[in-house]
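I opened the model to look up its confidence, its nonpolar cores and one sheet. My entries follow.

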Amino acid sequence: MDNEMKEMQTERLEKLERFEQLEKLEKMEKLELMELAAQRLEKLEAGGGEADRGYGLSRRKLLMSLGAAGAATMAGMLLNGGAGIAYAATKDKEKEKEKEKDKKKLIEEHGAPCLDDIPALLAFSRGSNTCALVSDPLRGGIFSWGASGTANGGTVFNALGGGVWLRQFSGSFNVCWFGAKTFTDSTAAIQAAFNAITRPGSIYIPGGVYTISAVINLPQQVVSISGDGQYVTYLIAVSPNVLHTMFKGTTNDTMEIKDLSFDGNAVADSAVYFDMVTHSTFSNLFITGTRVEALHVNGYNNSFFRCQIVSNYGDGLVSYGTPNYNNNVNVLSTDIYSNGGIGLRIGNGLNVNVSHSTIEKNAKAGIIAYDLKNVNIVECYFERNAQVGMSYTDAQNPTAVNVKSDIHLLGGGGITIGIDPAKPVECVKVSGIHWTPLNSEGVDNGGVNNTSFVFSNYLDKLTIESVQVYDNSKADSLLTIWGNGNTSIIKGDVILRANSRYDVKLIGVDAGLAVSGGHYIESTAARTKNYYDGNFPAYSRIAGTSGDLLKSQQRLDGYPAFELTAGTEWWGQPIAGITTKYPELPGTLVWFGAWVKADSGNDVKVVSYDGTNSHADTLTAAGSGQWQFKSILVPVSATAAQLVCAFQRLGSGGNGKVAFPVLAQAGASLNRFEIGTEADFHLPSIPAVGYWELGETVKNASPAPGSAFGWICTAAGAPGTWKAFGKIEI
C-alpha cells in the first residue's frame, strides 16, 4: 500500500511540475508577444501617416486596456500572423496528443466512424452507417445522414452516393463550421454562415482574428451576432479597395450584436451600417480604424451599451436621417473618444438619452443633435472635444464659421444651419455633466469658441443644471448662442441652475460683434400667469447719470409697467460716456430684455443703439395678450460712446405694455438663472384687473390686525373669484 501511495504521489508531483512548466512557458510567450506588439506600435507611432493621425491610443494605454491575452492576439495581428501562429502551434502540439483519445471515445460512445475532417466526410462511403463523427476541432461535430437537403458548406454537406450529412446541433451557427479561420480571409465563410440561416437565428464568432475583404450582408433572419468579447473576437478589414462597411444590414427587428471588436484598418468606411433597425441592442463592442462613421444605425428603440468607439478617422456613433425616425435611442455607459470627427451625431427623432458615458477628444464636436424632442444628456464626462471645430454656412452667411463646443444642438436644418421652427430641438436637459477644458493639454482653440454647450437657431425649453466645469482655463462660456444671420431663439421655460459657471455669449460672424437678425431667449408659452423671477438675470443693473434706467408710468397687475403707444418709446435715459463710466462694456455683449404684453396680431419690438450700430428684433405677430419675456444679446462696439435700449409696439391694435426691464453685462457669473417662476404679488386689496389662474395668490400689501394675510384665486378669470386666507390676529 505504501508503495502504491508513493507512486501516486510521485505521479501527481510530475503532473504538477509539467503543469507549472507549461504555465511558465505560456506567460513567457505572452510577455514576448506583448513586447513585440509594443515595438510594432512604436514603429507605427514613429511613422505617422495613415497609421496614426493623432487620434490613436498610446502604446502604454493600448497594452493596459488589452491585458495579456488581448495583447497576444493583437501582437499576432500586428505581426501579420507570425507570432500568433507560432503561439497557436504550441497549443496544437498538445491538442494532437488528445486527438486520438477523443476519436476512440467518440467511436465508443456513438458506435459510428470517426473521421478527421470535412473532406474525409465528403469522401466517406457510408454503407449502412447513418451517423458519422468528425474530430476536426474547428469544423467537426456529429452528423446524421438524410435523404435530401441543400448543401451550405457548414451544417449540410452532400454525402457520397446520395443524400446529405446534417450537422446535429442546437443554438447558434458557428462561422468556423463554414471555414472561418483566424489570421485568414474569412469573408466568404462568415457570409455563408449568415446565408445558411433560414429562420430567425443567431451567429457565433469564436475568439480569434478574422480578416474581412468585402462587405458582409446581414439577412433579416439573423437576429443575433456574438463573439467571445472585446479584443477576443477581432474582425479586421483588409482589402485593396475601400469597403462601404464591414457588416451591412437593411431592415431588421430585434437585432443583437455584442462581444466583438471591429478594426476598419483605414479601409472600411463603417464597421456596422443599418438603414433601419428597431428594438435592437449593440453592446460590448470595440470599434476602431473606420474612415467615415464607426457605427451607423438608423431606427427606433435601439440601445448602445458598454461600447468603446475609439480612434476612428471620422465620426463615432451616428443615428440620423429621414425618412427613418430615431425614436427612443439610448447611449449608456459607452466611451466615445479620440475620433477625428463628431463623437455622437443624432437627429430626427424623439426621446434621446445619453447617460454615464465618456465623450472625449473628438476632433469636431462631442455631440451634435438636431430636429429632436426630449433630449436628456445626464451624468456624462466630457473632455477635450472640438479641437478642430465645425464649419457651418448658410444662405445668409456664406462665410464658414468655426464653432467649437462639447454639446452642439441645432434647431432644425440638419448640418446646414437655417432656422426651422417646424423642426426645433425641444425639451432639452443637460444635467450632471462634468467638463474639463479643451485646452487642458495646451491645444490652441484658435480664439473662436471653446464653449461647453452651443445651441443654434431654435430651441424650445432648455434646462442646464448641476454642470461642473472643473478648470477655469475653459476659454469661453457655459452656454453660447451662435450668430449666423438668422433669428436664434430659446423658446419656453429656460433654466440654468446649480452650475459651476453661468456665462452666456454670442459667437458667429464678424468675431461676434455683428448681429444680423436676433439672438434672444424668449418665454412665449401660452401663459396666463404673470411669471417673474427677480434673479433673472442677477447681474448688476446699469443706471444712467441723468435719471434712472428703470422707468414706470403706471401699475399693471400689481407691478410697475410702461404703456407703449404707436412709434418708439425709450425706456429710461440714454447711457452716455460709457467709455469712461463703464469701460468694461465696449467690445462686449449686454443683455437687454423685459416682460412684454401685446394684443393678438401685435408685437413688442426690442431696440438698441450704441452710437454706431443699431439692433432690433421681434417675432412676427407674437402678441397673445399674455405676458412673455423677450430679450436680446446686444454687441457693443469697441468705439461706442453711449447705449440706448428701448421697446417699440408693432401693429395697429391696442397698446403694448412692458415691465421689469433688465440691462446687464453678459458673461458675468450668477448662482441662478431661471425664467418660469411665478411672481410673488403684493396688493392692498383683491385684484380688480388682469387674468388670474386658479390657485394664484396675492399677499396683502397693507397688513393690519383683523385683516387677511392674502387672497387666493378660487376660480380663474379676469379678474377671477378670490377668497381671503390667513386672518391676522387682533
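**Notebook: confidence, cores, one sheet**

I first checked a weak stretch: residues 669-673 stay under 50 in pLDDT (the predictor's confidence in each residue, from 0 to 100), and the model gives them 21 contacts (heavy atoms within 4.5 Å) beyond four places in sequence. Residues 439-449 also stay under 50, with 21 contacts beyond four places in sequence. For the protein chain I noted a mean pLDDT of 75, with 65% of residues at 70 or more.

This is a predicted model, in which local features need pLDDT of at least 70, side-chain atom pairs count only at pLDDT 80 or more, and totals for chains, interfaces and linings use all residues. Residues are numbered from 1 along each chain as its sequence is written, and side-chain values use heavy atoms, with hydrogens and water left out.

Next I looked up nonpolar cores, meaning sets of buried Ala, Val, Leu, Ile, Met, Phe, Trp, Tyr and Cys residues joined through side-chain atoms within 4.5 Å; buried is under 20% relative accessible area (1.4 Å probe, protein chains only). The largest has 87 residues, and Trp-435 and Phe-453 are among those touching the most other members. Beyond four places in sequence, Trp-435 touches residues including Phe-382, Asp-406 and Tyr-470. Another core, of 22 residues, lies apart from the largest one and includes Ile-575 and Val-604.

Last, I traced an open sheet of four strands (DSSP E runs of at least two residues, numbered from the N terminus). Its order is 49-50-51-52, with mixed pairing (at least two DSSP bridges between two strands). Strands 49 (681-683) and 52 (721-727) are the edges. Three bridges join antiparallel strands 50 and 51.

How values were computed:
Buried < 20%, exposed > 50% of the residue type's maximum accessible area, 1.4 Å probe, protein only.
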